[in-house]
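Okay, thanks everyone, let's get going. I've got one short structure to walk you through today, so have a look at the screen.

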Amino acid sequence: MGNDYHEDEGGGIPGWLYFILIYGGINVVLYLVDAPFLLIPIPRR
């Protein structure tokens, strides 16, 4: 385990970049999944 918090100086990916990629990817997947349902009116009873 790293003994220091700064572990991303050795050519690694910073934590904020991971956060943006994961969060953005989830948002894109949710948008692609929900887009057809948002465009098509769902019949409610």
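So, to start: in which helix is Leu 30 found? It's in helix H1. And just so we're clear, what you're seeing is a predicted model.

Let me zoom out for a second. The protein chain has one helix and zero strands, and that helix, H1, covers residues 15-39. The chain has 45 residues, and buried ones make up 2% of them. As for the surface, we get about 4,700 Å² of accessible area for the chain, with 68% of that belonging to carbon and sulfur atoms.

Back to Leu 30. Is this residue buried or partly exposed? Partly exposed, because its relative accessible area is 46%, which sits between the 20% and 50% cut-offs. Leu 30 also belongs to a nonpolar surface patch. Other members include Ile 13, Trp 16, Leu 17 and Ile 26, and the patch as a whole has about 1,200 Å² of accessible area.

Two more patch members are Phe 19 and Tyr 23, and I want to stay on those. The count of aromatic pairs comes to one. That pair is Phe 19 with Tyr 23: ring centres 5.5 Å apart, planes at 10°, so we call the pair stacked. Where do the two sit along the helix? They're four residues apart in H1, so about one helical turn separates them. And Phe 19 counts as exposed, because its relative accessibility is 54% and the cut-off is over 50%.

Okay, that's my bit, over to you.

Definitions and conventions. Residues are numbered from 1 along each chain as its sequence is written. This is a predicted model: local features need pLDDT of at least 70, side-chain atom pairs count only at pLDDT 80 or more; totals for chains, interfaces and linings use all residues. Side-chain values use heavy atoms; hydrogens and water are left out. Buried means under 20% relative accessible area, exposed over 50%, partly exposed in between (1.4 Å probe, protein chains only). Accessible areas come from the Shrake-Rupley method with a 1.4 Å probe; for residues, only the protein chains shown count as cover. Rings of Phe, Tyr and Trp (its six-membered ring) pair if their centres lie within 6.5 Å; planes under 30 degrees apart count as stacked, over 60 as edge-to-face and the rest as tilted. Patches are made of residues with over 30% relative accessible area and no salt bridge: like charges are joined within 9 Å, nonpolar side chains (Val, Leu, Ile, Met, Phe, Trp, Tyr) within 5 Å. A salt bridge is a side-chain nitrogen of Lys or Arg within 4 Å of a carboxyl oxygen of Asp or Glu.
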